[in-house]
Every structure is written in structure tokens, then in C-alpha cells.
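Trainee: I have a new structure on my screen and some terms I'd like to understand. Can we go through them together?
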Amino acid sequence: MGDVRQEDFARLKLERDRLARAVAELQAALAAARAQHEDLLSSLQDAVIVVSPVGVVVLWNPAAEELLKVSASSAVGKAFDQVLPQAEALGELLVKALAAGRSYADFEAPLVRPDGARVTVSAVASILAGAGGEPRGAVLALRDVSRLRELEETLRRSDRLAALGQMAAGVAHEVRNPLVGIRAAAQFLEGDPAFTPGLREYTGVIIREVDRLNAIVEDLLAFASPKPVQFAPCNLNQVLEETLAVKGAALAAAGITVARIYDPQLPPILGDPPRLHQVFLNLLRNAAEAMPGGGALTVRTRFERLSARLGGRAAAVAEVADAGPGVPPDRVPHLFNPFFTTKPRGTGLGLAISLRIVEDHGGAIEVAPGAGRGATFAVVLPLAPAAGEAPDG
Ligand code: ADP
Ligand code: MG
């Protein structure tokens, strides 16, 4: 041992230095790789969760925090099914992947977040293999598809509407001209010197019914061939007031009292007032029809800084609330379908037309069905862009 030669010693020293440099380089490379993978994980749109072979969370990226509303610090180190007790579909996916050693996917996994919100996610669970191929855990990648499903439904509905609309327009045009003729003929009969006044009861029925059919045809045409929206900055309080001015007398005559709760600071929207009048006329008419014996009607406006219905944009909201029977839950999904009506003389077009107009404004209609204690319909409209707020000359 004592006779290590000077030469060997020098070589060993060199070797040691080389190793030290290699280790330092490796460490740097490792740190860079870790930083890169952390960057990657935190910049991913998809939520990524890694669990150990026994299902303990070892990684929870920022997108997972955002999607599931659970912080990484409170998730890491706990069992997955303890962090998300109401995500059975995802738990099963992980168990299957770990047991079979391969990937599993579920494109529509429902889950309830710890804050109570329901979300639908598209999920893929895959195996994280060690250097020797042994499973070191599983990776779960999640993407929120709730919003996508809503969009798909909107698209499906607008397709349906377009087809129905074309048909309706065809029928309406066919019916319109004969109606004009029938009404004119009835009036002509009444004016004939030989007309027996006792028959006026019948000509009266003809004229009334023709007028009713005409109103339906007008509705159908409004629905089937809507006019393009002419946008201008306007104030929703004022639009509501104008509508109430038109409808006010009829409401009062029907024993309906109107309470107004306006937000005086409501920012302007970009809208087409005549078309918005049509929306509120329909909502007011429905509210009145829901209270045939009279009652209290409330119109209210409010500002919503973060509207979930408008993808987090700011909105002006106008609500029409009645004190009628409300809408039974099983009826809610059909309300906005054209021709859906529960009224003997209804057309079922009021809400379909209103929704179309509001959607043309980039807005949405929300229903609080309030079965048993009055329905509320809320029209949610995006605000005018800041530039539109500037006073024009
Ligand atoms: P219509 O009024 O011609 O029936 P709408 O499209 O305006 O057509 O309304 C469709 C249906 O929605 C109504 O027949 C009714 O069943 C329901 N509805 C609408 N508004 C209300 C309301 N305020 N309260 C209870 N039900 C309502
Ligand atoms: Mg109606």
C-alpha cells in the first residue's frame, strides 16, 4: 500500500477530477432535465397526475390544481381515492392500468370535485415503467370536456333549427297569401248589402282566427329567417323599460304588478334594441301566462364580472321572474325547442326565437325553473368592448 508510485497517484488524481467533473455535469444535466420536465408539466394544458403502484399521489401539476380545484400540496402523499372520493371512474382506470400494465382511456368520465361541481373529463391512464420495465406507478392525463359537450349540444341544436327553419319558412310563405284572401273575403261578406247581421258571429270567428294564424306565421318567419343583428351600444335597463312601456298596460289589466330592480351602474352592451324587445316581450308574455290570475312580476338587471355562461367574460344580465307555478324539472330540457308548448293555443316558438336572438348577440339564457315557486329567465349578454364605451361624437 505504501508503495503507490508517484505516477499512479497522479493518474488517480486525474481520474478523480474527471469523475468529479462528470458527476457535476450529470447533476447539472439532471437539474436541467428536472426543470425542463417541471416546466413542461406546469405549462401543459392537460391535468397530469402521477400515482405510485399502490395509488398514492406523487405528482399533481398546476393544470390538475386548476381543473380539480385541489392544490398539489394537499394532494401529494395521499391516496388518490382519498383526494377525489367522487371520481370512481378515474380510480377504476388507474387500478385497471396498474393491474394490466397497459393504458386505458375514458373519453367521458364524470366526477364530482371536492367543491361539489360536476365535471366531465376525458382521461387516459398509462403505466410509468422503470428502467427494467417494472411498473413504477401510473400517469393520469385529464382534460375538461364539459364545455366541449355544451358546445356540441349547441351545434346540434342549431343544425336542427336550421333544418326546421327552412321547412317552417316554406310552409309560412305558402299559408300567408291565402290567409290574406280569406280575411278579405270575410270582410267583403260583412260589407255586402245582402249580408244577414246574424251571420256576423261567424265572420267574426273567421277574422279572429285568421289574425291568430297570421301571428303564428309571423312568429314562424321570425324564427325561420331571422334578420341580421344591427349592433349598437345600448343600455339594458333602457331596453327593458321600453319593452315594459309597450306591454305595461296589458300587464296591469291582467292584474300583474311589476317590480323593477335595476342596477344603475350597468355597463352598456352591444345590442339590437328592436330584437331585444322581442326577447323581453316573449319573456314577459310567458310570465303573464304563467300567472293567469295575476301576481307579482320582477324585472331585475345586474352586472356579472365573471360569467361562466360566457366563458368567464363580463356580462350584463336581465332577469324576468314570475310567481307562477315554475317549470317541472323534466320539462326544462325542452323549453327552448321550437314548437314545444304546454299551452292549448301556444306556438312553442317564443323561447326558441328568444334564444336565437340572444345567441346572435353572443349571449345565453339561463332558467331557474323554480318548480312550485315561480320561474326566472335570465338573459346574459356580453358587455360592449371598452372602445365601444367611449362617447361618440
Ligand atoms: P309558448 O308560450 O307558445 O308555449 P314558448 O316557447 O314561449 O312557447 O314557451 C314554451 C313552454 O315553456 C311553455 O308552453 C311553458 O310550458 C314553458 N314556459 C315558458 N315560460 C314559462 C314560465 N314563465 N313559467 C312556466 N312555464 C313556462
Ligand atoms: Mg311564449
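Mentor: Sure. Keep in mind that this is a predicted model. Let's start with the ligand: 20 residues surround ligand 1, and the closest are Asn286, Thr341, Gly346, Gly350 and Leu351.

Trainee: What makes a residue part of that group around ligand 1?

Mentor: The C-beta atom, placed from the backbone, has to lie within 6 Å of the molecule. For ligand 1, 20 residues make up the surroundings.

Trainee: Which helices supply at least two residues of the shell around ligand 1?

Mentor: Those are α9 (273–290) and α10 (350–360). The largest share, four residues, comes from α9.

Trainee: And how do the shell residues divide into nonpolar, polar and charged?

Mentor: Nine are nonpolar, nine polar and two charged. Gly counts as polar under this scheme.

Trainee: Let's move to α1. Why is α1 said to lie largely in the open?

Mentor: A residue is buried if 20 or more other C-beta atoms lie within 10 Å of its own. Of the 38 residues of α1, the number buried is zero, so the helix lies largely in the open.

Trainee: How do you know what span to expected for helix α1?

Mentor: You take 1.5 Å times one less than the number of residues. Helix α1 covers residues 6–43, and the expected value is 56 Å. From first C-alpha to last, α1 reaches 55 Å, which is close to that.

Trainee: Next, the sheet. Why are β3 and β4 called paired?

Mentor: Two strands pair if there are at least two bridges between them. Strands β3 (residues 104–112) and β4 (residues 118–129) have seven, in the antiparallel sense, so they count as paired. One of the contacts puts Val112 opposite its bridge partner Arg118 in β4. The hairpin of these strands has five residues between them, and Gly116 there takes a positive phi near 95 degrees.

Trainee: How many bridges join β1 and β5?

Mentor: Five, again antiparallel, between β1 (residues 47–51) and β5 (residues 135–144). Ala47 stands opposite Leu142 in β5.

Trainee: What is the order of the strands in the open sheet?

Mentor: The five strands run β2-β1-β5-β4-β3, with antiparallel pairing.

Trainee: What makes β2 and β3 the edge strands?

Mentor: Each of them pairs on one side only. The twist averages 25 degrees from one strand to the next.

Trainee: Last one: how far apart are the centres of domain 1 and domain 4?

Mentor: Taken over C-alpha atoms, 72 Å separate them. Domain 1 spans 1–41 and domain 4 spans 228–393, with domain 2 (44–144) and domain 3 (146–225) also assigned.

Technical notes:
Residues are numbered from 1 along each chain as its sequence is written. Chains are lettered from A and ligands numbered from 1 in the order in which they are written. This is a predicted model: local features need pLDDT of at least 70, side-chain atom pairs count only at pLDDT 80 or more; totals for chains, interfaces and linings use all residues. Domain bounds come from an automatic or database domain assignment. A residue is buried if 20 or more other C-beta atoms lie within 10 Å of its own, exposed if 12 or fewer, and partly exposed in between; C-beta atoms are placed from the backbone. Axes are lines fitted to C-alpha atoms, for helices over the stretch in contact, and angles run from 0 to 180 degrees between N-to-C directions.
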